[in-house]
Amino acid sequence: MIDLASPFLKALLKHSTSPIIIFKVKPILVVVEHNDAYQALIERVGGKLKLYDIDIIPNLLSDVEKNILIKTVHKVSELKTKSTLIIHPIYSNSPNVKWELEFSPVLQNDRPVEYLVCSLREIPMDENDLEHILFELSESEARFRGFFEQAPLGMCVLKGPELITEYANDNILKIWGKSRKEVIGLPLEEARPEFEKQQALVKRVKDIFKNQQPLTLNELKLSTAVSDGYFIALYEPLKNDKNEVTRILVIIKDITEQVNFKKELLKAKDILKIAMDASEMGSWNIDLENKQILLSERAQHIYELENNRLGIEEAKSLISPEDSRHLTSGIKRALHHRNAFNIEYQINLNGISAKRKWLRTAGKAYYNEEGKAVYIAGAVLDITEHKQDEIRKNDFIGMVSHELKTPLTSLSAYVQLLQFKFKETDNEFPTQILDKINVQLKRMSLMIDGFLNVSLLESGKILLNKTNFNLVDLIKTIAEENRMVLPSHFIQVIGPEEMMLHADMDKIGNVVNNLIGNAAKYSKKESLIAIKCDIQKGYLVVSVEDEGIGIKEDNIPKLFDRFYRVESSDTKTIAGFGVGLYICAEIIQRHGGKIWAESKLGQGSTFYFSLPIPNDHLMP
């Protein structure tokens with residue numbers, strides 16, 4: 001459908017000197033849009049009607065001509081072709097003229113024609129009617145001046161080789177910083193002394209009178225009394241009836257803002273290039289329609305390719321099989337949600353799996369007006385050295401953690417032996433000391449297990465030993481153990497008696513144990529820790545709620561990052577390395593579940609995790 005509210009359409013209609021009307025085919029000859037020239041014509045002719053009416057045309061015709069007009073409209077709309085018709089508006093205030101109407105259909109693919117554009121021209125009945133011709137000339141002159149003054153650009157007319165300013169509209173006077181008295185009737189160089197320093201430009205303008213060719217200057221830098229700026233200047237020759245150039249129409253558009261913006265953009269691009277070169281990043285661009293990838297010089301070096309262009313399938317062949325699905329699904333997910341992605345993956349150089357690189361790529365898709373993704377742009381960084389350092393660090397942590405377990409296990413055995421011996425005596429002091437030592441040994445064992453689990457998770461060596469078990473029974477057992485270790489808190493389990501789960505019972509137990517330990521660590525003594533179990537939409541949902549110090553809203557998204565700890569005056573004295581929640585998140589995610597937290601500062605926190613219910617235990 002034609003956009004009648006389009007500013008472009010309204011501008012075209014407004015600046016046309018001929019009367020133009022847009023008719024709707026059904027109901028026939030209803031005017032839906034027109035320009036000022038048509039309105040002026042109708043107001044002048046008026047007909048016998050007392051009130052002005054823009055739909056007046058059929059009412060000014062005889063019945064015969066009205067039928068011809070209607071048939072012409074049907075012909076144009078059905079055949080989708082132009083047609084011209086001359087009619088005589090006998091009931092108008094100008095009965096001595098004829099109107100030449102030219103109809104053009106507005107075509108919209110294969111759809112039926114809904115609108116017609118009609119231009120109207122008045123033809124005197126007597127071609128020698130001087131009065132009418134003079135009237136037309138004066139009207140044309142008025143329309144020209146109106147267009148000239150209302151034009152959104154700076155415009156002036158320069159007469160003769162002396163470039164005398166004959167006309168100048170308000171916009172160009174504003175650009176010059178001049179009044180009409182200061183420029184009209186004066187040569188260009190006299191009215192605007194700044195042109196004395198731009199003789200080369202003045203000569204090119206004067207040459208138009210000889211070569212009769214228009215001149216266009218892009219990003220012309222001019223200094224005026226108002227300011228310095230950049231302009232697009234069009235110099236169009238105007239000829240007389242002898243085909244001689246007598247005047248030059250000058251149209252000027254101020255593009256200072258656009259030029260400055262372009263300069264800033266180029267500056268930003270240079271800064272970005274310097275930053276990417278310093279960080280050894282490469283850039284890439286995927287043309288989704290042609291399925292081609294374009295690499296920057298640095299990206300080409302990272303992939304060790306001879307060509308900076310390659311097909312999507314060729315690029316996929318470089319990705320390690322174990323990471324291909326992960327990378328593809330990550331990009332598809334980003335496309336679906338229209339957000340950015342940041343993914344780590346491995347590539348096999350030249351198809352040799354023994355020679356690998358670790359890369360990190362980040363990017364974003366860009367869409368056309370229909371909402372279809374047309375290309376993806378992003379950056380790539382070689383993180384092989386960083387990954388290898390991380391692997392070596394994790395191996396070291398794993399080795400040290402494993403080695404520490406052996407003496408710790410022996411120490412725990414000796415403590416248990418002493419506890420057994422002292423139970424037979426009446427001396428309570430060593431028994432109390434041994435109980436405290438045992439609690440600290442358990443804490444140290446949990447800490448070492450945490451580092452060992454981090455090492456195994458990072459290296460991909462952690463395996464899930466899944467079995468069927470009752471999650472509620474597991475939670476109750478862990479809650480009872482924690483009541484003995486944490487007698488300062490009230491631990492309560494709320495929910496159904498049975499929630500069957502197919503998962504790694506030890507690792508899910510670690511998650512529950514960790515969440516209870518965190519709840520106790522960050523809440524006051526004598527406070528409640530509530531563990532709630534529920535079934536929601538095919539998932540088992542467990543929450544651990546405390547009455548502790550709470551967490552700021554902006555810290556919540558980072559809680560499950562590795563080694564992250566909330567820094568505040570309340571947490572300075574609380575021990576921890578920030579690995580517990582990271583391990584919990586990894587375990588839950590590897591089970592296909594989700595983990596999240598809700599909290600209000602000073603009012604406590606609630607940590608949730610959900611796990612999918614086995615198919616044979618789904619609730620109705």
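## A walk through the structure, starting at L471

Beyond the residues within four places of it in sequence, L471 is in contact with M499, L501, I508, L540 and V542. This is a predicted model, and L471 makes a handy place to start looking around it.

L471 belongs to the largest nonpolar core, which has 43 residues. Together with I508, I531, L559, F560, F607 and F609, L471 is among the members that touch the most others. Many elements contribute to this core: helix 16, strand 19 (500–503), helix 17, strand 20, strand 21, helix 18, strand 22 and strand 23 each supply at least two residues. In soluble globular proteins, nonpolar side chains tend to be buried together. There is also a second, separate core of 28 residues, and A168, I175, F195 and L201 are included in it.

Next, let us turn to the sheet. Its 5 strands form an open sheet in the order 18-20-21-23-22, and the pairing is mixed. At the edges you will find strand 18 (490–494) and strand 22 (594–600), each of which pairs on one side only. On average, neighbouring strands here are turned by 15 degrees against each other, ignoring direction. Strands of a sheet pair through backbone hydrogen bonds, either parallel or antiparallel. For strand 22 and strand 23 (residues 604–612), the sense is antiparallel, with 7 bridges between them. If you would like one spot to look at, find A597, which stands opposite F607 in strand 23. F607 is one of the core residues we have already met.

Now for the helices. Helix 16 (residues 471–485) lies across strand 18, strand 20 (528–536) and strand 21 (539–545). Relative to strand 18, helix 16 runs at about 170 degrees.

Helix 17 (residues 505–521) and helix 18 (residues 580–590) make a pair worth following: their axes come within 9 Å and cross at roughly 145 degrees. The crossing of helix 17 past helix 18 is left-handed. On the helix 17 side, K507, I508, V511, N514, L515 and N518 take part, and they meet G580, L581, C584, I587 and I588 of helix 18. Sorted by class, this contact has 7 nonpolar, 3 polar and 1 charged residues.

Finally, let us visit another part of the chain. Strand 4 (residues 97–105) contains S104. Is S104 buried or exposed? S104 counts as buried because its relative accessible area is 17%, and the cut-off for buried is under 20%. Setting aside neighbours within four places in sequence, S104 is in contact with V76, K82, Y115, L116 and V117.

Notes. Residues numbered from 1 in each chain as written. Predicted model: local features only at pLDDT ≥ 70, side-chain atom pairs only at ≥ 80, totals over all residues. Heavy atoms only, no water. Pairing = 2+ DSSP bridges. Helix = DSSP H or I, 4+ residues; strand = E, 2+ residues; numbered from the N terminus. Axes fitted to C-alpha atoms, helices over the stretch in contact; angles between N-to-C directions. Contact = heavy atoms within 4.5 Å. Left-handed = near helix turned anticlockwise from the far one by under 90°. Nonpolar A, V, L, I, M, F, W, Y, C, P; charged D, E, K, R; others polar. Core = buried A, V, L, I, M, F, W, Y, C linked by side-chain atoms within 4.5 Å. Buried < 20%, exposed > 50% of the residue type's maximum accessible area, 1.4 Å probe, protein only.
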